[in-house]
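Work through the exercises below with the sequence and the coordinates open. Each task is followed by a stepwise solution.

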Amino acid sequence: MLCARITNATVVTMDPARPVAHEIGVWRGRVVGLDGDVADLPARRVVDLDGATVLPGFIDSHVHLLWAGLTARTPSVAPSRRAEDVLTAVAAAVAARPDGAWVSLVGYDQRTLDRPLTATDLDAVSAGRKVYLGHISGHACLVNSAVLKELPAPAARPDGFLAEDAMSAALALRPPYSLAELADALAVSGRVCRAQGVTGCAEAGIGSGLFRNSPVEAAAFQLAHETGRLPLRVQLMVAADALRPVEAAPEDTTTRAFGLGLRTGFGDGRLSLGALKVFTDGGMMARTAALTAPYVGSDSTGMLQADPAVLTETVVEGHKAGWQLAVHAIGDRAVDVALDALDAARRAKPRADARHRVEHAGLVRPDQLARFAALGVTAVVQPSFLRYFGDDYAAVLGPERAPWLYRGRGFLDHGVRLAGSSDRPVADGAPLRAVQFMVERASSSGQIIGPEEAIGVDEALRAYTVDAAYACRWEDSAGSIGPGKRADLVVLGDDPRRVDPGRIGDIEVVRTYVEGVADDDADGADGGSGDTAV
């Protein structure tokens, strides 16, 4: 007997062999058949969707759940247009914290203010406490003099604005969050993901100095999972800077490994390890993305995280040890470094189905597209970056380079797999809003950025289902709807293929199922009580 049969639905399977169905049979969290294969089977529950559209649950292949959850629970200075408004918010946060405590805030963005703030500005409202003001990009921060005094000299910029490694040095001084706090944060961000139709995601870099929360932060995911606070499937990327030298047998070709608080019981279907995350450059908002030509109005070309030879060694050693590589590269110079390193890795040890990825691929020159294809690299992009920050990005790159930002059509026409993601909390994580941008290429102000990079709705949906599953090595169990796949489903109030593209982002997410359990019954069991488990 089926646990449930979903009927009277428009099922967009994302499987070209059977693209549309109207009934789904579910047993113990898996799809067992479609339409006539299950129509006559008895079921404990029949769910009539009254013609609603059903798609495979969206997969966000690059997120920061911990950061997003903590951000939601941390005082924010956004949105602000005046420096004085930021300082008022900082003063209020300081007043709420005891003497000697660190005061952390989020949402700083110097680009939107009437003037950038400095450590001296923060000192005036700090009351002797250490103040850490996180930048919206995740690649910079502003700290006060109490923090600067404890930093090593190379990191301690007098103005208090710290980027990349200097920011990591400041984070290293901050007391770690407890595992309970982190697990609660995961519950918060996980529920937001589920409400937007996301059933699986890849956490982009535990153990990274750029996102330092705890030396055992992987254990927070396990705690959240074990205590029912992880409402979706999560794959953990491990940051390369968490690896340590090891002496393994020579034939194992493993020279680096990691320890992040993992223990017996880690790694079932809901929580698993994914790729090795390697940072090559910074971010566009912090102006630290590495470019081959300067930002408009500046002589700066951003920065690499390390010498290219060091980055290449990290990629090659990770590849030789058997990791899938997820190489963060936003600027075109960083993309060159990433592709060169992945090419070197392939030559050092040919390996079938390595499935390496370039994370962000923010600015990709025309000559780089063929290299992606030749190396079999998946581009993991964040379309919403251009929706929300596109006006700024287009301005600092100029009219020649702006069309190369967060490409769509260029990748697909070269045979490159395109996986969608959000990088939440940097931008809105709603997949349907990102799908709309991939089709329209319009920023929130209405500016069209690189119209020739627009793709079709079906192609955009594939980026958040089939190809995102491929990027996470989940294609055998997720990304499409068919026999044997997990019953990870999203029910929509309208069909994104049928509405005007400008309405796609506003389509209601009616319900999200993970292994047959709905988002409003996330603690239930498959086929359990109530009408929200199927």
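**Exercise 1.** Decide whether Arg407 is buried or exposed, and describe its surroundings.

Solution. Step 1: the relative accessibility of Arg407 is 6%, so this residue counts as buried; buried means under 20% relative accessible area, exposed over 50% and partly exposed in between, with a 1.4 Å probe and protein chains only. The model is a predicted one, in which local features need pLDDT of at least 70 and side-chain atom pairs count only at pLDDT 80 or more, while totals for chains, interfaces and linings use all residues. Residues are numbered from 1 along each chain as its sequence is written, and side-chain values use heavy atoms, with hydrogens and water left out.

Step 2: locate the residue. Arg407 sits in the loop between helix H11 (384–401) and helix H12 (409–413); helices (H or I, at least four residues) and strands (E, at least two) are DSSP runs numbered from the N terminus.

Step 3: list the contacts, meaning heavy atoms within 4.5 Å. Not counting residues up to four places away in sequence, Arg407 touches Val364, Arg365, Pro366, Leu369, Val381, Leu418, Arg441 and Glu453.

Step 4: pick out the polar contacts (a pair of N or O atoms within 3.5 Å; within protein, one must be able to donate a hydrogen and the other to accept it, and residues adjacent in sequence count only if both atoms are side-chain atoms). The side chains of Arg407 and Glu453 are joined by one of 2.7 Å. A polar atom of the Arg407 side chain also lies 2.7 Å from the backbone oxygen of Val364.

Step 5: compare sequence and space. Arg407 and Glu452 are separated by 45 residues in sequence and by 9.1 Å from C-alpha to C-alpha.

**Exercise 2.** Find the burial and the contacts of two glutamates, Glu359 and Glu317.

Solution. Step 1: Glu359 belongs to strand E19 (residues 357–360) and has 0% relative accessibility, so it counts as buried. Leaving out residues up to four places away in sequence, its contacts are Ser61, His62, Met237, Lys277, Ala326, Val327, His328, Ala329 and Val380.

Step 2: Glu317 is placed in helix H8. With 15% relative accessibility, Glu317 is also classed as buried. Beyond its neighbours within four places in sequence, Glu317 is in contact with Thr255 and Arg256.

**Exercise 3.** Describe how H8 packs on H9, and how H9 packs on H10.

Solution. Step 1: take the axes as lines fitted to C-alpha atoms, for helices over the stretch in contact, with angles running from 0 to 180 degrees between N-to-C directions. Helix H8 (residues 308–320) meets helix H9 (residues 332–348) at an angle of about 40°, and their axes are 8 Å apart. H8 is therefore oblique to H9; angles under 35 degrees count as roughly parallel, over 145 as roughly antiparallel, 65 to 115 as roughly perpendicular and the rest as oblique.

Step 2: assign the hand. The crossing of H8 and H9 is right-handed; a crossing is left-handed if the near helix is turned anticlockwise from the far one by less than a right angle, and right-handed if clockwise.

Step 3: name the residues. Pro308, Leu311, Thr312, Val315, Val316 and His319 of H8 meet Val337, Ala341, Leu342, Ala344, Ala345, Arg346 and Ala348 of H9. The contact of H8 with H9 has 10 nonpolar, 2 polar and 1 charged residues, where Ala, Val, Leu, Ile, Met, Phe, Trp, Tyr, Cys and Pro count as nonpolar, Asp, Glu, Lys and Arg as charged, and the others, Gly among them, as polar.

Step 4: repeat for the second pair. H9 and helix H10 (residues 366–375) pack at about 25°, with axes 11 Å apart. H9 and H10 are therefore roughly parallel to each other, and their crossing is left-handed. From H9 the contact draws on Asp332, Val335, Asp336, Leu339, Asp340, Asp343 and Arg346, and from H10 on Gln368, Arg371, Phe372, Ala374 and Leu375. By class, the contact of H9 with H10 has 5 nonpolar, 1 polar and 6 charged residues.

**Exercise 4.** Examine the backbone at Pro79, Pro425, Arg287 and His360.

Solution. Step 1: the peptide bond between Ala78 and Pro79 is cis, with omega about -10°. Pro79 is in the loop between helix H1 (65–72) and helix H2 (83–95).

Step 2: a cis peptide bond also leads from Arg424 to Pro425, with omega near 15°.

Step 3: Arg287, not a glycine, has a positive phi of about 60°. Arg287 is partly exposed, at 24% relative accessible area.

Step 4: His360 has a positive phi near 85°. His360 lies in strand E19 and, at 2% relative accessibility, counts as buried.
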